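Please look through the sequence and the structure shown here before reading the report.

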Amino acid sequence: MTECPICGAEIAFAQGTVVGELLECADCGSELEVTGLDPAAVTEAPETEEDWGE
Ligand SMILES: [Zn+2]
């Protein structure tokens, strides 16, 4: 169990969660990336801009 870095809501990982997985905070809807499992840690996922260039 960890908390959302954006809103502080508790984040519970589903079974089978892996580092690098993207989650959505149920409270604020922010996209979060799992950065650690033991201890549990998440960070705000970088904006995934679909920048395909030219
Ligand atoms: Zn949140």
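The report below goes from the overall fold to the core and then to a single loop residue.

## Basis of the model

This is a predicted model, in which local features need pLDDT of at least 70 and side-chain atom pairs count only at pLDDT 80 or more, while totals for chains, interfaces and linings use all residues. Residues are numbered from 1 along each chain as its sequence is written.

## Overall fold

The protein has 0 helices and 5 strands, where helices (H or I, at least four residues) and strands (E, at least two) are DSSP runs numbered from the N terminus. Along the sequence the pattern reads β-β-β-β-β, and the C-alpha atoms fill a box of roughly 40 × 20 × 15 Å along the principal axes.

Of the contacts (C-beta atoms, placed from the backbone, within 7 Å) between residues at least 6 apart in sequence, 21% join residues at least 24 apart.

## Burial and core

Buried residues, those with 20 or more other C-beta atoms within 10 Å of their own (exposed means 12 or fewer, partly exposed in between, with C-beta atoms placed from the backbone), make up 11% of the 54 residues. The largest nonpolar core, a set of buried Ala, Val, Leu, Ile, Met, Phe, Trp, Tyr and Cys residues joined through C-beta atoms within 7 Å, consists of Cys4, Ile11, Cys25, Leu32, Val34 and Val42.

Leaving aside residues up to four places away in sequence, Leu32 touches several residues, including Cys4, Ile11, Cys25 and Val42.

## A loop residue

Phe13 lies in the loop between β2 (10–11) and β3 (22–24), and Phe13 counts as partly exposed because it has 15 C-beta neighbours inside 10 Å. Phe13 and Leu23 are 10 residues apart along the chain, with their C-alpha atoms separated by 8.6 Å.

Technical notes:
Contact = placed C-beta atoms within 7 Å.
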